[in-house]
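This report describes a few residues and strands of one protein chain. Look at the structure first, then read on.

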Amino acid sequence: DTRRIIKRLEQLYPAYKGKIKRSTLDRHLALANASRRQLGTLEMKVHKRFEAPVANDLWTGDALKGDGEWRVVVPGSQGQHKITLISWIDDYSRYIPHTEWYLVERLPSLEDCFKKATLAYGLPTRSYTDKGAIYEAKAWIAALGDLKVHKVKTRARNPAAHGKIEKWHQLVRAFEQEAMAAKLHTLADINR
């Protein structure tokens, strides 16, 4: 990406800071047959590293369906049930303000998880989630507005943008195997 090249050149040659124009560099790269189009990388997605500037600036939220084999017993209910993990991760510190298993991925579960996280660690400035139904619910968006938490929009089908919380989910998948082996079959035991 031309902007990154300019930034690097300005670091190497501080006297040229602000003097290197993107259009000029693009023209020189094209003359050298080194433009993204000529190199065949124009259509390749460019993923940039990102990190919030301070703790509680940005929390990423996501839900993870329990492994298909894993079921829990609910007292007073017949049979076994699938469960869903709802988590929030602070983008800056990679700390998990709250994560909890719920019987259903519904708005009350999301609100409960977010409430527990904010009571323990304060409100984030921004919230970043995928386009799942619970995160797009009018009541959820209104609640964030009332709390003055800015909802950052995400592009559809872009899991790379949620890499930090997806890494957390990989760890949780390992926990699921351990929990099944330890015969944890109640929601209370699993959450503990």
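In this predicted model, Glu 176 belongs to helix 7, which covers residues 163-181. Glu 176 has a relative accessible area of 0%, and because the cut-off for buried is under 20%, Glu 176 counts as buried. The side chain of Glu 176 is in polar contact with the side chain of Arg 173, at 2.9 Å.

Tyr 13 sits in the loop between helix 1 (2-12) and helix 2 (22-31). Its relative accessible area is 47%, and Tyr 13 is therefore partly exposed. Together with Leu 12 and Tyr 16, Tyr 13 makes a nonpolar surface patch of about 350 Å².

Strand 4 covers residues 84-90. Seven of its seven residues are buried, so strand 4 is largely enclosed by the rest of the structure. In a regular strand, side chains alternate between the two faces of the sheet. In strand 4, Thr 84, Ile 86, Trp 88 and Asp 90 point one way, while Leu 85, Ser 87 and Ile 89 point the other way. The residues of both groups are buried.

Which strands pair with strand 4? The table lists strand 1 and strand 5, each with one bridge that joins a residue to its partner.

| Partner of strand 4 | Residues | Sense | Bridges | One bridge pair |
|---|---|---|---|---|
| Strand 1 | residues 58-65 | antiparallel | seven bridges | Gly 61 and Trp 88 |
| Strand 5 | residues 98-102 | antiparallel | five bridges | Thr 84 and Tyr 102 |

Trp 88 of strand 4 is thus the bridge partner of Gly 61, and Tyr 102 of strand 5 is the bridge partner of Thr 84.

Note on methods
Residues are numbered from 1 along each chain as its sequence is written. This is a predicted model: local features need pLDDT of at least 70, side-chain atom pairs count only at pLDDT 80 or more; totals for chains, interfaces and linings use all residues. Side-chain values use heavy atoms; hydrogens and water are left out. Helices (H or I, at least four residues) and strands (E, at least two) are DSSP runs, numbered from the N terminus. Buried means under 20% relative accessible area, exposed over 50%, partly exposed in between (1.4 Å probe, protein chains only). A polar contact is a pair of N or O atoms within 3.5 Å; within protein, one must be able to donate a hydrogen and the other to accept it, and residues adjacent in sequence count only if both atoms are side-chain atoms. Patches are made of residues with over 30% relative accessible area and no salt bridge: like charges are joined within 9 Å, nonpolar side chains (Val, Leu, Ile, Met, Phe, Trp, Tyr) within 5 Å. Accessible areas come from the Shrake-Rupley method with a 1.4 Å probe; for residues, only the protein chains shown count as cover. A salt bridge is a side-chain nitrogen of Lys or Arg within 4 Å of a carboxyl oxygen of Asp or Glu. Two strands pair if DSSP finds at least two bridges between them.
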